[in-house]
Amino acid sequence: MVDDFVDSIPMEREAVPLLAPSQPSARSSPSNDLEGGGDGSDTPGLRVGGDANPAVMERELSPTTSPALFNDALVSSPRDLLVFFVGCVAMVGAGTLYSFGAYEDRLKDALRLTQAQVEQVGFIGDLGVYLNGPWQGAVADQLGPKKSCAIWAIALFVGYFGLSLATTSGPKETAAPAAVALFLAGVGSGGLYLTTLGTLVRASTPASRGRTIGLLVALYGLSAAICTAAMQAVPGLANGEVSKFLTFLAFFTSSTGAVAACVLPLAKVHATSSTPVSSGGDDTPASLFKSVVAPLLALLKDSRFLINFGAFFAACGAGLMLINNVGSWTRSMLASPDGGGVSHALVVKARLVVLISLANAGGRAAAGIVGDIVNFQRGYLVCFAGAFLSAGFLAGIVGADFTEHATRETGLYLTALLVGFAYGNMWSITPAIVSELFGTRRFSTHWGWHIVAPAVAGSTMNAIAGSVYDAHAHSSDGGGGGLYCYGAQCYRTTLWLCAACGLVCALFGWSLGPYTKCSRRAALSE
């Protein structure tokens, strides 16, 4: 019954076949194909699921001559430059949700919330970004960038401005209004991210797609730092009422969405695609529901999706564990039960946060650039990212076993650098793989299903880390009443588990390599 439902979805295909007439087709029946081909656009796909044979596909798709890589510029006309620039600005606006930490304490004071309540507000905002990815992507693919970006601009304005009003005239000592407002901002943030990325992925050529994705997601990751710097530079925002900064975010983010709605439809789609970037689809509720569910059912039958999703899931779980627990891990390594070293631990924590952010952004840009320059398939790049993840957590494990604080601190820095870089790699490599394996026409929907992984994996690893920490917590820092854990045992089990996640990621990447090798060669032979 599921197969009949999936097969009933019309898949638009190119009239020109991906393979030369003299070559045997690697396809089986239409029901075994997703709509995308190796060129990352909408040419017929490779055989998928249990029938896929990477060795056969490589033999059938290998071009007679090796095409030059990195031979396409990111922009080739003033219009392309304008579209790409607006896309970059839209990514900065979309990533502002991650500036929550910059005003979290002032929001807590303005609403008179407990720490647990303000953390719940932040968590619900993250859910707005990640768990809504599938339907946000379907809206972007069905309606096109003009209508989609307008919707996300409204959601961003209502979310941030509503949060600003909650701090000035809303009820106090309750997190509900703030949570609803930040959830709406999260929906707008995730939607603008998926629409912008999907539009520019479709407009890029296969030889420049990695750089396009890498630069865009790097800016998305740096958005919090950019907005925080702007907050410090503009008088009245840094130390003034939090409502002023939230109002600034409301107008800034909605403006980027509005400009994107006007400019992104001008994007010129890659020549091998049959659907213009600016075109919209059927926006009826039934059609939108079908466009969300049908791709998932097709993806679940495809072993490539399961491998790619598994690698991303493992990497996100490990990376988010470090990002969300870096403060308590630093305190457990450098402070003592009598309260000594707490101030130094706070300084080191601030440095680690900056280091992770910079390494994350650098990893995103580097993975995209390297993927285009080097004649190396992206699936195998996942192996390197997994290896960096494991090496980073192993450095933290080894450093924690030393009694000298200097050695422990060195281990913390190495972990932050390697894990941040590898985590950024995966956010650049994985969407590029999605575009190459499954095509670009429904890229936003396909990628939207992939970004469910951070929400589930991050929550799972955070729960494990918290349980391990609480099991060893026994010391109180005098007067606060809270229980704290000190020493290597606080995170040793969690770090080993995260190192294992890096190994799983690398193994999945090795399994994915032959598939991406085929699709990469097919794309570059166009």
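How much area does the chain expose, and what share of it do carbon and sulfur atoms supply? I looked this up before anything else. The chain exposes about 20,200 Å², and 66% of this comes from carbon and sulfur atoms. I note that the model is a predicted one.

Entry on the chain as a whole. I found 17 helices and zero strands. I then looked up burial: 55% of the 526 residues count as buried. For contacts with a separation of 6 or more, I recorded that 81% join residues 24 or more positions apart.

Entry on disulfides. I searched the whole structure and found one disulfide. Cys485 and Cys490 form this bond, and their sulfur atoms lie 1.9 Å apart. I also looked up the handedness: the torsion about the S-S bond of Cys485 and Cys490 is about -95°, so the disulfide is left-handed. Cys485 is buried, at 1% relative accessible area. Cys490 is buried as well, at 0% relative accessibility.

Entry on cysteines without a partner. Why does Cys262 form no bond with Cys149? The closest cysteine sulfur to that of Cys262 belongs to Cys149 and is 9.4 Å away, which is too far for a bond. I recorded Cys262 as exposed, with a relative accessible area of 59%.

I put the same query to Cys498. Its closest cysteine sulfur is in Cys501, at 5.7 Å, and this is too far for a bond, because a disulfide requires sulfur atoms within 2.5 Å. Cys498 is buried, with a relative accessible area of 0%.

Note on methods. Residues numbered from 1 in each chain as written. Predicted model: local features only at pLDDT ≥ 70, side-chain atom pairs only at ≥ 80, totals over all residues. Heavy atoms only, no water. Buried < 20%, exposed > 50% of the residue type's maximum accessible area, 1.4 Å probe, protein only. Helix = DSSP H or I, 4+ residues; strand = E, 2+ residues; numbered from the N terminus. Contact = heavy atoms within 4.5 Å. Areas by Shrake-Rupley, 256 points an atom, 1.4 Å probe, with all protein chains shown as cover.
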